[in-house]
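Please take a moment to look over the sequence and the model below before reading on. The paragraphs that follow go from single residues to the whole chain and back again.

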Amino acid sequence: MKDHKDIKALICKELETLLDARLVEAEAAIAAALDARNNDTKSSAGDKYETGREMIQIEINKSETQRGKALMLKKDLARIDLHKHYTKSEFGSLVITSQEKYFLSIGFGKLTLADETYVAISLGSPIGIVLQDKAIGAKVQFQGKEFVILEIV
């Protein structure tokens, strides 16, 4: 297994790749919806035409929201200093516990790298709130389970 500092860089790279994929999907959905809207011709059934255009606009708005969220997550991810030495759990730290390995960054969920599972969570998540500002050796309780912080990278 690689050093946890190397793993943290790999996690950031993987998250960036996944966010880039989300952006591509959102852009493609927006382009397809705009194309459909622009190629939709008005028929004699005016209400049907207007309803169809409104449904397309809803899809465009949804895709634009997804694109905005992905851009915001990328911006948050870019704030992480991979060279910082952490003495407590905070934004940008990788927290190795007796139960899970948490990357306190953006709320993304589980990732598997180098045959290990890591959970990318935000500090605003329930477990992120519990882990925030803890030091190595701290005992933490979450959802009826107790675990110990073994390492902070």
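Is K74 buried, partly exposed or exposed, judging by its relative accessible area? The model in front of you is a predicted one, and in it K74 has a relative accessible area of 24%, so K74 is partly exposed, since a residue has to be under 20% to count as buried. The side chain of K74 meets that of D20 in a salt bridge, with 2.4 Å from N to O. This pair ties together distant parts of the chain, because K74 belongs to helix α2 and D20 to helix α1, with their positions 54 residues apart in sequence. D20, for its part, is also partly exposed, with a relative accessible area of 29%.

With that pair in mind, we can step back to the whole protein. Its secondary structure consists of 3 helices and 6 strands, and a walk along the sequence meets them in the order α-α-β-β-β-β-α-β-β. Helix α1 covers residues 4-39, while helix α2 covers residues 46-78. The C-alpha trace spans about 70 × 30 × 25 Å along its principal axes. The radius of gyration of the protein is 21 Å, whereas a compact globule of 153 residues would have one near 15 Å. Of the 153 residues, 33% are buried, and the accessible surface comes to about 9100 Å², with 51% of this area belonging to carbon and sulfur atoms. If we take the contacts with a separation of 6 or more, 52% of them are between residues 24 or more positions apart.

Charge is a useful thread to follow next. The protein has 22 positive and 23 negative charges, and the mean positions of these two groups lie 3 Å apart. Side chains of opposite charge can pair when their charged atoms come close. How many salt bridges does a search of the whole structure find? The search finds 6 salt bridges, and among them is one between D133 and K88, in which the closest N and O atoms are 3.3 Å apart. This pair, too, links distant parts of the chain, with D133 in the loop between α3 (126-131) and β5 (139-142), K88 in the loop between α2 and β1 (94-97), and 45 residues from one to the other. D133 is partly exposed, with a relative accessible area of 45%, and K88 likewise counts as partly exposed at 34%.

Another salt bridge joins K101 to E116, and here the closest N and O atoms are 2.8 Å apart. K101 sits in strand β2 and E116 in strand β4 (residues 116-121), so that the bridge links parts of the chain 15 residues apart. The two partners fall into separate classes, because the limit for buried is under 20%: K101, at 19% relative accessibility, counts as buried, and E116, at 21%, counts as partly exposed.

A charged residue may also lack such a partner, and K8 in helix α1 is an example. K8 is buried yet has no salt bridge, and the nearest side chain of opposite charge, that of D81, is 7.7 Å away; a salt bridge would require nitrogen and oxygen within 4 Å. Leaving aside residues up to four places away in sequence, K8 touches L82, Y86, G92, S93, L94, F103 and V153.

Two serines show where buried residues can be found. S63 lies in helix α2 and is buried, with a relative accessible area of 4%; apart from residues up to four places away in sequence, S63 touches A26, A29 and I30. S105 belongs instead to the loop between β2 (101-104) and β3 (109-113), and S105 is buried as well, with a relative accessible area of 5%. Beyond residues up to four places away in sequence, S105 is in contact with L15, I80, F91, A120, I121 and S122.

Finally, the backbone deserves a look. Which angle sets D133 apart, although it is not a glycine? D133 has a positive phi of about 65°, and we have already met this residue in its salt bridge with K88. Q143, which is not a glycine either, has a positive phi of about 50°. Q143 is placed in the loop between β5 and β6 (145-152), and, with a relative accessible area of 71%, Q143 is exposed.

Key. Residues are numbered from 1 along each chain as its sequence is written. This is a predicted model: local features need pLDDT of at least 70, side-chain atom pairs count only at pLDDT 80 or more; totals for chains, interfaces and linings use all residues. Side-chain values use heavy atoms; hydrogens and water are left out. Helices (H or I, at least four residues) and strands (E, at least two) are DSSP runs, numbered from the N terminus. The radius of gyration is taken over C-alpha atoms; the globule rule is 2.2 Å times the number of residues to the power 0.38. Buried means under 20% relative accessible area, exposed over 50%, partly exposed in between (1.4 Å probe, protein chains only). Contact means heavy atoms within 4.5 Å. Accessible areas come from the Shrake-Rupley method with a 1.4 Å probe; for residues, only the protein chains shown count as cover. Lys and Arg count as positive and Asp and Glu as negative; His and the chain ends are not counted. The place of a charge is taken as NZ of Lys, CZ of Arg, CG of Asp or CD of Glu.
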